[in-house]
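Follow the chain with the structure open beside you. The walk starts with helices and ends with sheets.

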Amino acid sequence: MELRDIIERAWNDRSLLKDKEVILAVKTIIEDLDSGDRRVAEPTAEGWVVNEWIKKAVILYFPIQKMQTIEVGPFEFHDKMKLKNGYAKKGVRVVPHAIARYGAYVSKGVIMMPSYVNIGAYVDEGTMVDTWATVGSCAQVGKNVHLSGGVGIGGVLEPLQAAPVIIEDNAFIGSRCIVVEGVRIGKEAVLGANVTLTGSSKIIDVTGDKPVEYKGYVPERSVVIPGSYVKKFPAGEFNVPAALIIGQRKASTDLKTSLNDALRENDVAV
């Protein structure tokens with residue numbers, strides 16, 4: 001509570017960022033995020049809870065840091081954030097040119113192909129962050145998730161947003177998917193290639209007699225593909241993007257199933 005009070009005061013009065021007490025508090029929070037001892041959002045018995053004050057600490061970390069040159073072999077960076085390190089001790093496989101910023105938590109068994117994980121993010125055990133995938137600031141990625149090539153998981157810093165993206169355990173996010181604006185993907189859900197989900201995207205379950213619409217949430221075990229619906233504009237009617245829930249991941253399906261297998265089970269051509 002003391003740390004929280006310090007962060008809240010500094011958030012409301014940025015002149016306090018010069019105080020040693022505030023600087024220490026902010027750096028303590030970032031260190032805790034880096035080690036996984038704190039999270040910007042966490043699951044509880046009542047559902048996910050966003051720790052707004054911790055997110056504020058992440059934002060306040062930028063103005064108290066000074067730009068510096070970082071040299072890694074022949075590569076040079078110029079930034080306010082140092083890079084995460086100690087992967088061997090953490091049991092994380094990091095393929096060149098994968099990068100995670102200090103203040104991001106990456107758990108044991110994670111594989112990072114050439115990819116990027118931003119400050120405040122949480123990537124849990126056994127997850128694959130595939131080639132050119134990005135995990136945005138403060139995003140929460142569960143256990144044994146597969147983020148396929150080119151996936152974009154949005155952050156909360158630029159532009160500043162209220163809720164982080166949450167990808168729950170054992171989800172499979174297909175190639176070139178985009179998930180932003182605090183969307184939550186339920187456990188074991190499968191997103192087909194090129195699904196784009198924002199906070200206002202229509203997510204339509206078309207498996208029953210009548211469509212059922214969701215926004216901001218993909219239910220557990222759902223199999224989702226890109227789709228569209230007709231919307232009226234002053235210039236006429238046009239198709240706009242949507243996401244279609246076309247089935248459920250079967251209980252018999254292995255949690256590590258390929259995207260193609262999950263789609264074939266629901267009679268979708270691949």
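In this predicted model, helix 1 buries Ile6, Ile7 and Ala10. Look down the helix axis. The buried residues fall within an arc of 95 degrees, so they line one face of helix 1. An α-helix has 3.6 residues a turn, so residues three or four places apart point the same way. What does the buried face of helix 1 meet? Its buried residues pack against helix 2 and helix 3.

Turn to helix 3, residues 52-64. Its 13 residues reach 19 Å from first C-alpha to last. The expected span is 18 Å at 1.5 Å a residue, and the value found is close to that. Of the 13 residues, 10 are buried, so helix 3 is largely enclosed by the rest of the structure. The buried set runs from Trp53, Ile54, Lys55 and Lys56 through Ala57, Val58, Ile59, Leu60 and Tyr61, and it also includes Ile64. Two lysines, Lys55 and Lys56, are thus among the buried residues. The cover over the buried residues includes helix 1 (2-12) and helix 2 (20-35).

Now take the helix 2 and helix 3 pair. Two packed helices are described by the angle between their axes and the distance between the axes. Here the angle is about 115 degrees, and the axes lie 9 Å apart. The crossing is left-handed. Helix 2 brings Ile23, Val26, Lys27, Ile29, Ile30 and Leu33 to the contact. Helix 3 answers with Trp53, Ile54, Ala57, Val58, Leu60, Tyr61 and Ile64.

Pick out one residue of this contact, Ile30. Ile30 belongs to helix 2. Is Ile30 buried or exposed? Its relative accessibility is 0%, so Ile30 counts as buried, the cut-off being under 20%. Beyond residues up to four places away in sequence, Ile30 touches Ala57, Val58 and Tyr61. Tyr102, Gly103 and Ile119 are also among its contacts. Val40 is 10 residues from Ile30 along the chain, and their C-alpha atoms are separated by 10 Å.

Next come the sheets. One is an open sheet of six strands, ordered 6-9-12-15-18-21, with parallel pairing. Strand 6 (99-100) and strand 21 (196-197) stand at the edges. Each has a single partner strand, so one side of each is left without a neighbour in the sheet. Within this order, look at strand 15 (residues 152-153) and strand 18 (residues 178-179). They pair in the parallel sense over two bridges. Gly152 stands opposite Ile178 of strand 18.

A further open sheet has 10 strands, in the order 5-8-11-14-17-20-25-26-22-23. Its pairing is mixed. Strand 5 (93-94) and strand 23 are the edge strands, and each pairs on one side only. The partner of strand 23 is strand 22 (residues 203-205). These two strands pair in the antiparallel sense over three bridges. Asp205 has Val212 of strand 23 as its bridge partner.

End at Glu213, which is found in strand 23 (residues 212-214). How accessible is Glu213? Its relative accessible area is 43%, and Glu213 is therefore partly exposed. Leaving out residues up to four places away in sequence, Glu213 touches Lys202, Ile203 and Ile204. Leu244 lies 31 residues from Glu213 along the chain, with 9.3 Å between their C-alpha atoms.

Note on methods:
Residues are numbered from 1 along each chain as its sequence is written. This is a predicted model: local features need pLDDT of at least 70, side-chain atom pairs count only at pLDDT 80 or more; totals for chains, interfaces and linings use all residues. Side-chain values use heavy atoms; hydrogens and water are left out. Helices (H or I, at least four residues) and strands (E, at least two) are DSSP runs, numbered from the N terminus. The expected span of a helix is 1.5 Å times one less than its number of residues. Buried means under 20% relative accessible area, exposed over 50%, partly exposed in between (1.4 Å probe, protein chains only). Contact means heavy atoms within 4.5 Å. The arc is that of the directions from the helix axis to the C-beta atoms. Two strands pair if DSSP finds at least two bridges between them. Axes are lines fitted to C-alpha atoms, for helices over the stretch in contact, and angles run from 0 to 180 degrees between N-to-C directions. A crossing is left-handed if the near helix is turned anticlockwise from the far one by less than a right angle, and right-handed if clockwise.
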